[in-house]
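Reader: I have a structure open and would like to go through it with you piece by piece. Could we start with single residues and then turn to the ligand and the empty spaces?

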Amino acid sequence: MTPRLSVIGTGYLGATHAACMAELGFEVIGLDISPAKVELLTKGTVPFYEPGLDEVLSRNIANGRLRFTTDFAEAASQADVHFICVGTPQAAGAQKADMSQVFGSVEQLAPHLADGALVVGKSTVPVGTADEIARRLAVSNPGVEVAWNPEFLREGFAVQDTLHPDRLVVGVRSARAEERLREVYAPIISDGVPFLVMDFPTAELVKVAANSFLATKISFINAMAEVCEAAGADVTRLAEAIGYDPRIGNRFLAAGLGFGGGCLPKDIRAFMARAGELGADEALLFLREVDQINLRRRMHTVDLARKMLDGSFIDKRITVLGASFKPDSDDVRDSPSLDVAVAMSNAGADVVVHDPKGLENAARVYPHMAYDQDVMSALGGADLVVLGTEWREYRDLDPAAAARQVRAARIIDGRNTLDPQAWRAAGWTYRALGRPHA
Ligand code: UGA
């Protein structure tokens, strides 16, 4: 029998997973505790910016395969495989993950689950969570099974990454659970995507290990940027040169303001906290350094800005280009660019932030900051411009036209994304991170 699916939690991960599973031909019911979100999704509106998701969502609502609810009983009755896609943010005042949404959603679902149902965790969790959920369900729902199936999608490429992933990873305890998941992912497996079956803790660890590796790669190149600054070298040429070695590879070696978002920063912190609980804290001490290198890039950028403004932010107008943590996303969680903007504002500068998609979210978090939706007017009267997120729109800026808007043509390229020669030729004082002489 073709499995019917529910997706619990319709944030970036869940909304994408629900829409893409319907796109693959399954009947899907998405659940969220927010009635406002459910109302928007039901109308075919994605409550956040994710390229291409609107079409997949609308198409599958129209064809009747996809719907949304706030009712756990309804979700349980309409599906037999239930994906848990709720958030695991950093806990307030702590390094570890706040697991209340994961355990809360399973607890609310459990009383309605039929025997034979499969609960599949997709959220990024501390190792041991799947085991704990299975232990709890064994008491309340002995006929229900658990599996773990971490998600590797990137914001901005969520649809592509869900429909055409690099690999599928499932942690299972029975052949039956594996079989069910093979049915769910049959269309993807038939494309030749590797389907890796393992135990619970390994599946959970795959996700945090992958994100830790990515974070480490970024901090590695940013550490090199610090050395390049001291030695008068150019980190972009260095990255290019080491990247030709296929063992190193050139991806995720872009030096700049570093990583942010709702995943990498909190995942490495939660991983360290969990390793500590397990008595393996020494193994992950290096991640503390990875985190520190990453945060230092933001402070360094603020210091560089102060230096370029002759030592003081007072009465200086600064335009920050970028509020989202990366391009093609409206997500401002732990955004390096926004962090730098707020730090300079707190230090006395008159800061205006521009972003093609992220201003609404930014204003929600920092209502006291000034925002401008038009890039040319945002540049108006600036004493300094700081590019913090490498949106295409900024790469395509005409440096001469931009120069006409500002009071003083000074720019920090926080993502090494502009052409220094073109900007200098248009009269700009150009500074970048890790390239003192660029
Ligand atoms: C990340 C992982 O890449 C996904 O595989 C994972 O599924 C996801 O977290 C998650 O845990 O859900 P995402 O947070 O969407 O995805 O963003 P990334 O593309 O990984 O970028 C993270 C940050 O690193 C961004 O702030 C980006 O600007 C920065 N970055 C990336 C660099 O500073 N340099 C680089 O070379 C690459």
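Reader: Is Thr-69 buried or exposed?

Author: Bear in mind throughout that this is a predicted model. Thr-69 has a relative accessible area of 5%, and because buried means under 20%, Thr-69 counts as buried.

Reader: Which strand is Thr-69 in, and what does the side chain of Thr-69 reach?

Author: Thr-69 belongs to strand S3, which covers residues 66–69, and the side chain of Thr-69 reaches the backbone nitrogen of Asp-71 at a distance of 2.9 Å.

Reader: What about Asn-60, buried or exposed?

Author: Asn-60 has a relative accessibility of 0% and therefore counts as buried. This residue sits in helix H3, residues 53–62, and the side chain of Asn-60 makes a polar contact of 3.2 Å with the side chain of Asn-63.

Reader: Where is Ile-318, and how far is its C-alpha atom from that of Ser-345?

Author: Ile-318 is placed in strand S9, residues 317–321, and counts as buried at 0% relative accessibility. The C-alpha atoms of Ile-318 and Ser-345 are separated by 8.8 Å, with their positions 27 residues apart along the chain.

Reader: And His-17, how far is that from Val-365?

Author: The C-alpha atoms of His-17 and Val-365 are separated by 27 Å, and the two residues are 348 residues apart along the chain. His-17 is in helix H1, residues 12–23, and at 1% relative accessibility His-17 counts as buried.

Reader: Let's switch to backbone angles. What is the phi of Asp-310?

Author: Asp-310 has a positive phi of about 60°, although this residue is not a glycine. That deserves a remark because most residues other than glycine have a negative phi. Asp-310 is found in the loop between helix H13 (285–308) and S9, and is exposed with a relative accessible area of 69%.

Reader: And what is the phi of Asp-328?

Author: For Asp-328 phi is positive as well, at about 60°, and this residue is not a glycine either. Asp-328 is in the loop between S9 and helix H14 (336–346), and with a relative accessible area of 34% Asp-328 is partly exposed.

Reader: On to the ligand. Which residues come nearest to the ligand?

Author: There are 21 residues around the ligand, and those that come nearest are Phe-152, Leu-153, Glu-155, Asn-211 and Ala-254.

Reader: Which protein atoms are 2.9 Å from an oxygen atom of the ligand?

Author: One is a backbone N or O atom of Phe-152, which lies 2.9 Å from an oxygen atom of the ligand. A polar backbone atom of Phe-325 is also 2.9 Å from a ligand oxygen atom, and for Lys-326 an N or O atom in the side chain is 2.9 Å from an oxygen atom of the ligand.

Reader: How much of the ligand does the protein bury?

Author: Taken alone, the ligand exposes 720 Å², and the protein buries 90% of that area.

Reader: Which elements give two or more residues to the shell around the ligand?

Author: Those are helix H10 (200–231) and helix H12 (264–277), and H10 gives the most, with 4 residues. By class, the shell has 11 nonpolar, 3 polar and 7 charged residues.

Reader: Now the empty spaces. How many cavities of 30 Å³ or more does a search of the whole structure find?

Author: The search finds 1 cavity of that size. About 80 Å³ of space lies in the largest cavity, and the lining residues include Ala-97, Thr-124, Val-125, Leu-205, Lys-266 and Phe-271.

Reader: Which element gives the largest share of that lining?

Author: H12 does, with 5 residues, while H10 and H12 each supply at least two residues of the lining. By class, the lining of the largest cavity has 8 nonpolar, 1 polar and 3 charged residues.

Reader: One last thing: what is the volume of the second largest pocket, and which residues line it?

Author: The second largest pocket has a volume of about 150 Å³. Its lining is made up of Phe-213, Thr-216, Lys-217, Phe-220, Arg-247, Ile-248 and Leu-253, which by class gives 4 nonpolar, 1 polar and 2 charged residues.

How values were computed: Residues numbered from 1 in each chain as written. Predicted model: local features only at pLDDT ≥ 70, side-chain atom pairs only at ≥ 80, totals over all residues. Heavy atoms only, no water. Near = heavy atom within 4 Å. Polar contact = N/O pair within 3.5 Å; in protein donor to acceptor, adjacent residues only side chain to side chain. Areas by Shrake-Rupley, 256 points an atom, 1.4 Å probe, with all protein chains shown as cover. Nonpolar A, V, L, I, M, F, W, Y, C, P; charged D, E, K, R; others polar. 1 Å grid on protein atoms, 1.4 Å probe; cavity = no way out; pocket = protein on both sides within 12 Å on 5 of 7 lines; lining within 4 Å. Points joined across faces, edges and corners; volume = space filled by probe spheres on them. Buried < 20%, exposed > 50% of the residue type's maximum accessible area, 1.4 Å probe, protein only.
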